[in-house]
Structure formats: C-alpha cells, structure tokens
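Biologist: I've got the model open and keep getting lost among the strands. Could you take a close look at how they pair up and walk me through it?

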Amino acid sequence: MPNMSSFTGMTINPVDWRIGLILCGGLVVFFTINSGMMKVSEGMAKQKIEKDSALVSKVIEYIQGIAEVRAFRLTGKRSHELNTAIDENEQANAEMELKLIPFMTMQSFWLKAIGTLIVLVSVMMHISGSMDLLTTIIMIISSYLIYAQLDNAGAYSSLLRVVDNSVDQAQAILDTPQMDISGEDITPQHFDIKAENISFAYENRKVINNVSLTIPEHTTTAIVGPSGGGKTTLTSLLSRFWDVDEGRVTLDGKNIRDYSMDALMKNFSFVFQNVYLFADTIANNIRFGQPDAPMEKVIDAAKKACCHDFIMNLPDGYDTVIGEGGASLSGGEKQRISIARAIMKDAPIIVLDEATANVDPENEAELMNAVDALTKEKTIIMIAHRLKTVRNADQILVIEHGNIAQHGTHDELMKQNGIYRSFIESRRVAASWRL
C-alpha cells in the first residue's frame, strides 16, 4: 500500500485490509437485508398507490358533488364510502410500515454493530501496536461517516418501489402520443368547412362513424340529436380539439392538420355550455385572448354582449375580481361574459355548444341578443335543442349514434317522419305543460 508523507514524525496508512474485510462483510449483510426489504416493498407499492388514488378520487368526488349528496339525503352513504376509502388507505399504509419496520430495524442495528466492531478492532490493533494512532483515528471517523450515509439510504430505500411505480405512471402519461400542432401559418381566404368520411373513437368505442358534411361560410349549421349521439365530439373534430382517426377535415379546402394550431385557432371562437372564468378581474377575463386590448374595446365588447349594465353594478365595475370559475356570478352573467370574450376575439367561425341551455328566462332575451351580436356575418356551428334557436338555421344536422341520421332545413325535416320531427313535437308538448 502507498504511504502518505509523515505527519509529526508518524506514518499514516489510509487503508487497512483487516478493517476492509470487516467493512466488506458488513456491507454484504446490509445489502442482503436491504434486498429482502425491497422485495417486500415491491409487492406492496402497487397496492399503496391504488389506495392513495382511490382516496383522492373519493375526496374530490365528495367535495364536487356535495350539493347533490345533500339534496338527495345521501350524506351518510357518501360519508361511509369516503370513510371506507380513508380506512383502506390507512390500512394499506400501516400494513406496509409494519412489514418494513423489521427490515429497517435490522439494517440500522447491523450498521451500528459493524461500526462499533470497527472502532473496537481499530483500538485493539492500536493497543497491540499493529496500527498507529492517526490511522486508528481515521478508521474510527471513517466508520461513522460511511455507515451514517448507509443508514439514511437504507431508511429511504423502502420508498423506492413506490417512487418507481409513481414514475411509471407519470411516464405513461408523458408517453401519450402528442398531436402534431406545428403545421404552417396559413391564413384562409374563405371559411367553409368540410368533413370527408371522418371517424373517431374513444379507445374502443366509436363515437363518430364515417361522417361527411359541408358547412358553407357565412351560414348557420345547427347540430341536434339525442344525448350521447356525438354532437360535441363532432364539433371538437371540426375545430381540431382532437384529430380524426379516419378521413379528413378541411378549412378553405386545406386539411386542418396543415395549419399550425395557432393559425387554426385564430379562426375559431367558442362559447361552451359550461363557462369557465378565471380568478381575475372581469376586464381581464373579457380580454383573455387579447391581454393588451384597451379598455374601450373591452367595454364595447361587453355592451354588445349585454353585460355592461350588470358589470357596472358590481362594487368595482370592470376591476371586480371574480372567484375561480366565476363562482360569484350567475350562470347567465357568466355566459354573457363568455360571449363578450368571443366578441373580443372576433373570429370568423363561431362554435356554440348549448350556449343558452343553463340560462334563466330573465336573462335569456339578453343572452340571445348577445349571441346575435356575436354571430353577425360569421360561419356558425351550434349545438342546440331549443326550437327558436335552430329553426332559422341554414341547415340542420341530426346526429344519432355517431351518424348523420337526417339533414336539411327546419321545414324540410318537419315534412319527414324521423328523429327531428319527434324531437320538435316532444319539445312543444313539454313547453305547453303548466302547473
């Protein structure tokens, strides 16, 4: 072994084969115990993650559905389900801890025992004259440094399998194929939309099946049909929220996949049934797509959307900060702000997904005026169930089971025996009910 230069007249040997043998033997035993602990942890990590996920799911479900739970007097039942998830999660974590504690205890005990043995052997060798004082001190210090780090590593290694499973789940999400949104910055000259034999499925369930349609620019197309028929999915495919599995969708004769996502979205404005507003001022929510827009433009859009008056009645007017999701506003008020946001964008194609479905009668007239202001000289695609909303459409598509069951104007479809006429007649009967 190479010797270090003498220090205060003594030669220091930084390595001693006898201490090395004790160290290696201790490491073999330590890693044997650690390997057993890892095997036990591997078998329980998946169960722990499943119980953790189930608990989080139940907590979110309970919080989000608390109004319905109370309304239907199911508080006890839902509380029992939540408590069961908590108990199962607690049991899974406790079981894992109880099975791992013996291994962790053995690891810690063994490391301390080997450290103590190294200290004793080093001292005895120094007393017997086979090890100098400075080397003995180095061996004693080194034993504590090495085993202190191993003790920490051994304590946390039981969680590695849980971390591995969590990383695998995260990696599965990261490995999900991404939509290619690069494309080209194309500016269409016309805004007609065509779908050619498009199909789409959620996993193994086909939702849109070989659909073809044409939406000329500056026309209104209404999409109606039974719930779950594929109406919202169809509009999502036309605006490329998702890519079709088969066929193609074109805007101005060009495949929408050829457009970059930014270039494509410049041509679409959306007003959804369930409006989401951000925890910010009303002005910033309206100018969401144009953050640098002047206040005059914001107010003009609000007036067109018939929401200027109620905004001015709020404590701080346009500077009023609304809660996340617009919790402090009514459904009609949120809808009108959403329409103001769409007016602000001024896109040539408007997609309305049941925009008036959740509006009270007092706000409906104003909301319809707002929709009229939004849709002037635009290409309109609307999902709607109300007669007065769809009867003036240039064309009506009746979607059932992912197919176009009927196609025509209101008058044409009313002359046919089919879903549309039954739908309209049932709506009229429902509207005639009085209490």
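Modeller: Here is a walk through the sheet, the helix on it, and then another set of paired strands. Keep in mind that this is a predicted model. Start with the open sheet, which has six strands in the order β6-β7-β8-β3-β9-β10, with mixed pairing. Its edges are β6 (268–271) and β10 (403–408), each of which has a pairing partner on one side only. Ignoring direction, neighbouring strands in this sheet are turned by 20° against each other on average.

Now zoom in on β3 and β8. Residues 220–224 make up β3 and residues 379–383 make up β8; the two run parallel and are joined by four bridges. If you want a spot to click on, go to I223, which sits opposite I383 in β8. Then look for helix α6, residues 231–238, which packs on this sheet. Helix α6 touches β3, β6, β7 (349–353), β8 and β9 (395–400), and its direction makes about 155° with that of β8.

In general, strands of a sheet pair through backbone hydrogen bonds, either parallel or antiparallel. For antiparallel pairing here, try β1 (residues 193–202) and β4 (residues 246–251), which are joined by five bridges. Within that pair, E196 has R248 in β4 as its bridge partner. Strand β4 also runs antiparallel to β5 (residues 254–255), with two bridges joining them. There you'll find L251 opposite K254 in β5. Together β4 and β5 form a hairpin with two residues between them, and D252 in the turn has a positive phi of about 55°.

Terms used: Residues are numbered from 1 along each chain as its sequence is written. This is a predicted model: local features need pLDDT of at least 70, side-chain atom pairs count only at pLDDT 80 or more; totals for chains, interfaces and linings use all residues. Side-chain values use heavy atoms; hydrogens and water are left out. Two strands pair if DSSP finds at least two bridges between them. Axes are lines fitted to C-alpha atoms, for helices over the stretch in contact, and angles run from 0 to 180 degrees between N-to-C directions. Contact means heavy atoms within 4.5 Å.
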